[in-house]
Amino acid sequence: MHGKLNGKSPANQVHVKTFNFQNVNYMAEVKFEDLLGTGAHFGHVTRKWNPNFEPYILLEKNGVHIINLESTIDAVNMASDFIQELVGKNGEILFVGTKKQAQDIVQQEADKCSMFYIVERWLGGTLTNFSTIKKSIKRLKLLEKEGSNLYENMTKKETQMLNRERVKLADQHRGIKDMRRLPDLVIVVDAQYEDTAIREAKRLDIPVIAIVDSNTDPEKVDYPIPANDDSMRTIQLIISALADAVVEARSAASKKNEKKDVETSTADTAADEPGSEAAPKDTPAPDAKDDGKVQESEDISEEATQEEE
């Protein structure tokens, strides 16, 4: 029990994406009304607060801290800018949300932007001992391979044991099965709940974006987003905005590459056109000196003829 107030608003507000068409990346904005409608401003009871969270607290009401949503909007925008810069350099992102409220949301949003995710129990050493995790993933792919000779000459009991192992590994690694290297960024839903993941990322100098509540130290992550981390609607709103930043960055990068390809093909076409080829060189006209030599030889031959006559 976190001792939280009910964050439901009388008006059911819908998250509407607004686009700034003056911005090249068309970044989706998180609006103040959307956060207020999802109850993102409700923190924990005052006795559970972390003193380092004080800059993000607006006031105290009925024994509960109220989070300043202006700082939440600024944090989401700053995190989105960093994500767009990272994705523009072909960076990879790992979404982490193993608490029940976040599992379905994290998996859905990570699939939307084609990034990796972990929604089951965080295995210790997922980042710091990634070589072992890769061996486990390799084992999973071997078990999932159709027509594998692994199942040949096995009893029914041994086959059932391998099937149970395959199901277990598939649940553990389903979001990182195709992750061939360490991620360039980790996005965490609850910084207090996913403390092990954050410590592993910090040990490897991997930046972390996390939703932090009033009971969490915001200084342990690189990009803290102060908000209610127990509200499903708040988690949906913030994680969706971050996933949209990934999609928009990839779209901008693909458009830039297409434009570059068009310019390159246009230049190649212009170079291949017949009119653009260099005109064939004409036979060089005889030089003036050569004309003089020819005339001089003709005069000498005429003089020799006259002498003979």
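A salt bridge is a side-chain nitrogen of Lys or Arg within 4 Å of a carboxyl oxygen of Asp or Glu. The model here is predicted, so local features need pLDDT of at least 70 and side-chain atom pairs count only at pLDDT 80 or more, while totals for chains, interfaces and linings use all residues. Residues are numbered from 1 along each chain as its sequence is written, and side-chain values use heavy atoms, leaving out hydrogens and water.

**Exercise 1.** Find how many salt bridges the whole structure holds, then place the one between Lys99 and Asp190.

*Solution.*
- Step 1: a search of the whole structure gives 13 salt bridges.
- Step 2: in the Lys99–Asp190 pair, the closest N and O atoms are 2.8 Å apart.
- Step 3: Lys99 sits in the loop between strand S4 (93–96) and helix H3 (100–112), and Asp190 in the loop between strand S6 (185–188) and helix H6 (195–203), so the pair links distant parts of the chain, 91 residues apart. Helices (H or I, at least four residues) and strands (E, at least two) are DSSP runs, numbered from the N terminus.
- Step 4: both residues are buried (under 20% relative accessible area; exposed is over 50%, partly exposed in between; 1.4 Å probe, protein chains only).

**Exercise 2.** Work out where Glu109 and Lys112 lie, and classify each by accessibility.

*Solution.*
- Step 1: the two side chains meet in a salt bridge at 2.7 Å, N to O.
- Step 2: both belong to helix H3, three residues apart, about one turn of the helix.
- Step 3: Glu109 has a relative accessible area of 3%, so Glu109 is buried; Lys112, at 37%, is partly exposed.
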